[in-house]
Amino acid sequence: MTLTQVAGLGDMRRSVASGRAWQALIGHHRKIADLSLSELFDEDPKRGERLCAEAAGFYLDYSKNRITDETLTLLTDLARSQGLSERIAAMFRGDTINTTENRAALHVALRAPVGTHIELDGRDVVAEVHDMLARMADFSEGVRTARLRGHAGAPLRNVINIGIGGSDLGPEMAYEALRHYSQRDMRFRFVSNVDATAFVEATRDLQASETLFIVCSKTFKTQETLENAQAARAWCVGQLGDEAAVASHFAAVSSNVPGAIEFGIAQDRVFGLWDWVGGRYSMDSAIGLSLMLAIGPAQFEEMLSGFRAMDEHFQNAPLPANLPVLMGLLAVWYADFFGAQTHAVLPYDQYLVHLPAYLQQLTMESNGKRVTQEGLEVDYATAPIIWGEVGTNGQHSFYQLLHQGTTLIPCDFIGFGQGLNPLGRHHDILMANLIAQTEALAFGKTEAELRAEGSPAALVPHRCLPGNRPSSTLLAQRLTPHTLGALVALYEHSVFTQGVIWNIDSFDQWGVETGKVLAQRTLPELESKPMPELHHDSSTNTLIRRYRALRDGAV
């Protein structure tokens, strides 16, 4: 079933912003835009107990957002008018919802339980997924127990994941998030940048005899990944002195099996991908092989169970009580009605240090679009810029702007009831800061309060915090593989919800391709001798000449 065949979507060529539900929100925003969170809490002392929801081990407090009950009703009406429930069902069925690439977006099949049947092109994709998971588990256990060894017989204790985009951001984020559960006699590193420094530093203190490379590229043609893979191959063969060593020291995650085999990777070490899995949605596929090597198949399955729990909630919960839907609608509310251009993700757990960067790609590559599903230019804002930092680090960096700057920045705070490394009062101090920051952002510090505290009159304007800065807080008991899976699925489905509201394709990324194509044209112009005739604009031509001169020491 295609997008236009999904029932209830109405005339999708009409701008979302011209619809009755959107116009109602515009009028509603005019009425409540000047309402403060202080007023909202004064009017409803139990607001913090009411505006919350729970699912898959997470508690969401969304009471510190600039919304009323009417706002939620109108946002839910907007979701219904855009056919959100129908679109959710279409995704889980495997319909062709990635319309520009004529594909399903079936990442939910990657964590579907055994026995679930999702048919695509006459094949049971869930059965294929579990076959791949079994192969991954066998390989991972072989490496972890030293049953599978390197060319010279040494255990493979160093794992380097080579990929880029989702093939790097997902595995690295997940490994760091679950490092507590990893096998500590193994080292894991990640190389994505084509800058040689990334590869050199990743391998500088390693021995090839103990190192396994995992090359992650769906097509096995991605330039940056293959350049790094070739460097890894040369490094490995150079140390071990035998081309045959490649088969023992490399694995691949790719849909291009012949390309991986031609590289020298053994066929039984090529783990497949499907075209219905986008890179930024792939960390729970074979792209997560490095993670499975780190935490083991059983913990990897726990992570999948967390994904699955949030999937089931998203699929079945009513829209007003649906965590991903609520977060997605709030993102639309701020981006389109308050004009918020950025959104901060603030995890209060050091293990989630790479989560903001991961969610940056998930959100901005998915919804950074300027045309609708039908190719018409949007007349409203789409994805905000996502950024953030862990814990109290951010408080001593950019929170000044959050509290007293001139830009409205909605925030997501993420915390846990129990830390994974108990040490004195550390975790209580950490969580006291999280809770206090949400309170300070919401309610600020008034001039009257400062004067009552005896603040010097000249400093009152400087110390005043206006408050009314919105935030949502996510809490879980502790960071486990299950909660990580649920957290990632929560944001995946929030991003999908936003895309449905904006009537854009959240699963293509055509904007990434143009720069790659131009680079293929530019590279020969940097390398060829003598310099060829250049036909770019004057700036690009001058930059090419200057680079060549700098490289050759001619300036």
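**Close-up views of the model**

**View 1. R308 is buried, with a relative accessible area of 15%.** The model shown here, and in every view below, is a predicted one. R308 counts as buried because its 15% falls under the 20% cut-off. Its partner here is E301: the two side chains meet in a salt bridge, with N to O at 3.3 Å. E301 sits on the other side of that cut-off, being partly exposed with a relative accessible area of 33%. So this salt bridge pairs a buried arginine with a partly exposed glutamate.

**View 2. R111 and D284 form a salt bridge at 2.8 Å, N to O.** What does this pair tie together? R111 belongs to the loop between α5 (84-93) and β3 (119-120), and D284 to the loop between β9 (270-271) and α12 (289-295), so the contact links parts that are 173 residues apart in sequence. Both R111 and D284 are buried. The pair doesn't stand alone, either: R111, D284, D311 and E492 are linked in a network of salt bridges. Across the model, the count comes to 26 salt bridges.

**View 3. E49 and K46 make a salt bridge out in the open.** The N to O distance for this pair is 4.0 Å. Are the two residues buried or exposed? Both E49 and K46 are exposed, whereas R111 and D284 from the previous view are buried.

**View 4. Helix α5 has a buried side made up of several residues.** In α5, the buried residues are L84, R87, I88, A90, M91 and F92. Which elements cover them? The cover includes α4 (69-81), α13 (297-316), α14 and α21. Just past the end of α5, look for G94, which takes a positive phi of about 95°.

**View 5. The largest cavity holds about 200 Å³ of space.** It's lined by 21 residues, and M327, A331, H343, D412 and Y491 are the closest to its centre. Several elements each supply at least two lining residues: α14 (323-337), β10 (342-347), α15 (355-367), β12 (411-416), β13 (471-476) and α21 (481-502). Sorted by class, the lining has 13 nonpolar, seven polar and one charged residues. A search of the whole structure turns up two cavities of 30 Å³ or more, and the next view shows the other.

**View 6. The second largest cavity has a volume of about 30 Å³.** Its lining is made of L110, V129, M132, L133, M136, W274, D284, S285 and A286. By class that's seven nonpolar, one polar and one charged residues. D284 is a familiar name here: besides lining this cavity, D284 makes the salt bridge with R111.

**View 7. The largest pocket takes in about 990 Å³ of space.** Of its 42 lining residues, T219, T222, Q509, E513 and K516 lie nearest the centre. At least two lining residues come from each of α7 (166-177), α9 (223-240), α15 and α22 (511-527). Which helix gives the most? That's α22, with five residues. The lining is a mix of 15 nonpolar, 17 polar and 10 charged residues.

**View 8. The second largest pocket offers about 490 Å³ of space.** Among the 19 residues that line it, Q350, N421, H426, H427 and L430 are the closest to its centre. Both α16 (391-395) and α18 (426-443) supply at least two lining residues each, and α18 has the largest share, with five. The classes split into seven nonpolar, nine polar and three charged.

**View 9. A few backbone oddities deserve a look of their own.** Start with the cis peptide bond that joins K529 and P530, where omega is about -5°; P530 lies in the loop between α22 and α23 (538-551). Next is A56, which isn't a glycine but still has a positive phi of about 55°. A56 is placed in the loop between β1 (52-55) and β2 (58-61), and it is buried, with a relative accessible area of 19%. Finally, N503 is another residue other than glycine with a positive phi, near 55°. It's found in the loop between α21 and α22, where N503 is buried with a relative accessible area of 1%.

Terms used
Residues numbered from 1 in each chain as written. Predicted model: local features only at pLDDT ≥ 70, side-chain atom pairs only at ≥ 80, totals over all residues. Heavy atoms only, no water. 1 Å grid on protein atoms, 1.4 Å probe; cavity = no way out; pocket = protein on both sides within 12 Å on 5 of 7 lines; lining within 4 Å. Points joined across faces, edges and corners; volume = space filled by probe spheres on them. Helix = DSSP H or I, 4+ residues; strand = E, 2+ residues; numbered from the N terminus. Nonpolar A, V, L, I, M, F, W, Y, C, P; charged D, E, K, R; others polar. Buried < 20%, exposed > 50% of the residue type's maximum accessible area, 1.4 Å probe, protein only. Contact = heavy atoms within 4.5 Å.
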